[in-house]
Each structure stands twice: as structure tokens, then as C-alpha cells.
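Subject: Structure for you to look at, with notes

Dear colleague,

Here is the structure I promised to hand over, and I would be grateful if you could keep it open while you read the notes underneath.

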Amino acid sequence: MPRDGRLGVGIIGAGRVGPVIGAALGGAGHAVVGITSGSDDERASAVLPDVPVLDALDVVRRAELVIIAVPSEQLPSLVAGIAEVGGWQVGQLVLHTDPAFGIEVLSPAAARGAIPLAVHPAITFTGTSIDLRQLQAGFAAVTAPAAVLPIAQALAVEMGCEPVVIAEADRPAYADAIATATEFSRSIIGQSTARLREIGVENPGGYLSALVQSTVERALREASDPSPLI
């Protein structure tokens, strides 16, 4: 890492996650040097204005820290493909944001001297600046080799999150917990709002907002403190 702690950050993945992570790290004093094109370049440029759009290899060549924020099914082949063409650099930090993987998926980069880090911010991203506030209230799952774990934790803090260390072997269970919480919540709210709409309730999402938020907050308090609540 540079002496002043500031890094040139490259983003592979211009979906909802990558640009926001780049903006968070940019706000912490790092320089975002490039981002790949994605499904919504206009949204990405709104979050990261004036950042050059490059292909993945150029992002890797320019960056001291590469953030990989792509769908799970693309991550292994992307990392291996860049390794095959000699893209990864010795001492380069390579960080992915996928909840389901630890650092093993980054082994092709590590084999070429890069430093593998897995940091998953536990929020639901919208791909807008609203997420920057959500990060400030959130946690991040961190997996890294012991020698560089402080670097991964520091980057999570610079994103705005409180880091929580998750062992490599526990990443599948962690991913299952995250998927259960998000998918079940969406499904239940979808069913409830559909029922209310059927009986003529206008704005069913707004109607349920306070109920859902208060119920979830109570459930979270009970999960953190199992003593009975009156």
C-alpha cells in the first residue's frame, strides 16, 4: 500500500454495488481510476462522475486495489480469465463483494502475487447515493488471510461499515443467512401488499411501512438480546 494509505481503486462491475463502493472509498480519500461498463452506465456515472470507463484488463493494470462486484456465477471465470492473460499484479489488492465466496475464488489472482480479500457489505444496494448512508449504519463480512486481515477490516471501515470476520469455511452458511433474510422479506411483503391491494387498500406499501419496520426492529432487538420484551 502507498505510504499515505491512499490507493488507486479500479471497479470491475458497474451494477448496483461497484459504483457505490467506489464512491464510498473515494469519499475516504482514495482515487477511483476506472470502472468497467455495465447494464446502467448512466446510473454508474451519476454515482462516479468523471471516472473513465475501461475494459477489465485496463482497470486491473491501473489499479492498486481492484473491487470486483459482479454476479456470483461470473466471479470464478472472471478472476481466472484475467489470470490467464497475466493481468493480476504482485502486491495488488483484489477484493470481491460476493457473500457466497471467501478468498478461495481469488486463488488464480493470489497465485500471481495479488492479495485476496472478501468484503461483503450487508445492505441491499439501490445503486444510488442513498446507499452511502446505508453503509454508515451497516456491517460487512470480512474474510482474508490472517496477515492481511487488518487491511480488509480497514477497507470495510472506509466503506462505512463495521467489519465482522467470517471464516472461509463459514461463507456458505453466511450466504444462506443473507439470502434467507432478503428473499423471505421480499416474498412476505409482496404477498401482504397484494392481499391489501385486492381488498381496495390504496398504497399498500405505505400502509404496511410502519408496521413492517417496527416488527423488524423488534425482531432484531430480540435476536440481539434474548431477554423477554414487554
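The notes below go from the sheet to its helices, then to two residues beside it, and end with the cores and a helix further along the chain.

Please keep in mind throughout that this is a predicted model.

The sheet

The strands form an open sheet of 7, with mixed pairing and the order E2-E1-E3-E4-E5-E6-E7. Strand E2 (31-35) and strand E7 (162-165) stand at the edges, and because each has a single partner strand, one side of each is left without a neighbour in the sheet. On average, and with direction ignored, neighbouring strands of this sheet are turned by 25 degrees against each other.

Several of the pairings can be followed residue by residue. Strand E1 (residues 8-12) pairs with E2 in the parallel sense over 4 bridges, and within this pair Val9 stands opposite Val32 in E2. E3 and E4 also run parallel and are joined by 4 bridges, with Ile67 standing opposite Leu95 in E4. From E4 to E5 there are again 4 bridges, in a parallel arrangement, and here Leu95 stands opposite Leu117 in E5. As general background, the strands of a sheet pair through backbone hydrogen bonds, either parallel or antiparallel.

Which residues of E4 point one way and which the other? Leu93 and Leu95 point one way from the strand, whereas Val94 and His96 point the other way, and all of these are buried.

The helices on the sheet

Helix H1 (residues 18-27) packs on the sheet, where it touches E1, E2, strand E3 (65-68) and strand E5 (115-121), and its direction makes about 170 degrees with that of E1. Helix H4 packs on the sheet as well, touching E1, E3 and E4, with a direction that makes about 150 degrees with that of E3. Together, E3, H4 and E4 make a right-handed β-α-β unit.

H1 is mostly covered, in that 8 of its 10 residues are buried; the buried residues are Gly18, Pro19, Val20, Ile21, Gly22, Ala23, Ala24 and Leu25. Just after H1, Gly29 takes a positive phi of about 110 degrees.

Leu75 and His96

Leu75 is found in helix H4 (residues 75-84), and it counts as buried because its relative accessibility is 1%, against a cut-off of under 20%. Its contacts, leaving aside neighbours within four places in sequence, are with Ile68, Val70, His96, Asp98, Phe101 and Val105. Of these, Val105 is 30 residues apart from Leu75 in sequence, but their C-alpha atoms are 7.7 Å apart in space.

His96, one of those contacts of Leu75, has its place in strand E4 (residues 93-96) and is buried, with a relative accessible area of 0%. What does the side chain of His96 reach at 3.3 Å? It reaches the backbone oxygen of Phe101, and in addition the backbone oxygen of Gly102 lies 2.7 Å from a polar atom of the His96 side chain. With neighbours within four places in sequence again set aside, the residues in contact with His96 include Ile68, Leu106, Leu117, Val119 and Arg171.

The nonpolar cores

In soluble globular proteins, nonpolar side chains tend to be buried together. In this model the largest nonpolar core has 34 residues, of which Leu25, Leu65, Ile67, Leu95, Leu117 and Val119 touch the most other members. Apart from it lies another core, of 19 residues, among them Val66, Leu78, Val94 and Val105. Leu65 touches Leu7, Gly8, Val9, Gly10, Leu25, Leu93, Leu95 and Leu155, not counting residues up to four places away in sequence.

Leu196

Leu196 lies in helix H8 (residues 171-198), and at 16% relative accessibility it counts as buried, since the cut-off is under 20%. Beyond its neighbours within four places in sequence, Leu196 is in contact with Val201, Pro204, Tyr207 and Leu208. Between Leu196 and Tyr207 there are 9.0 Å in space, C-alpha to C-alpha, and the two are 11 residues apart in sequence.

With best wishes

Notes: Residues are numbered from 1 along each chain as its sequence is written. This is a predicted model: local features need pLDDT of at least 70, side-chain atom pairs count only at pLDDT 80 or more; totals for chains, interfaces and linings use all residues. Side-chain values use heavy atoms; hydrogens and water are left out. Helices (H or I, at least four residues) and strands (E, at least two) are DSSP runs, numbered from the N terminus. Buried means under 20% relative accessible area, exposed over 50%, partly exposed in between (1.4 Å probe, protein chains only). Contact means heavy atoms within 4.5 Å. A polar contact is a pair of N or O atoms within 3.5 Å; within protein, one must be able to donate a hydrogen and the other to accept it, and residues adjacent in sequence count only if both atoms are side-chain atoms. A nonpolar core is a set of buried Ala, Val, Leu, Ile, Met, Phe, Trp, Tyr and Cys residues joined through side-chain atoms within 4.5 Å. Two strands pair if DSSP finds at least two bridges between them. Axes are lines fitted to C-alpha atoms, for helices over the stretch in contact, and angles run from 0 to 180 degrees between N-to-C directions. A crossover is right-handed if, with the strands pointing away from the viewer, the path from the first strand over the helix to the second runs clockwise.
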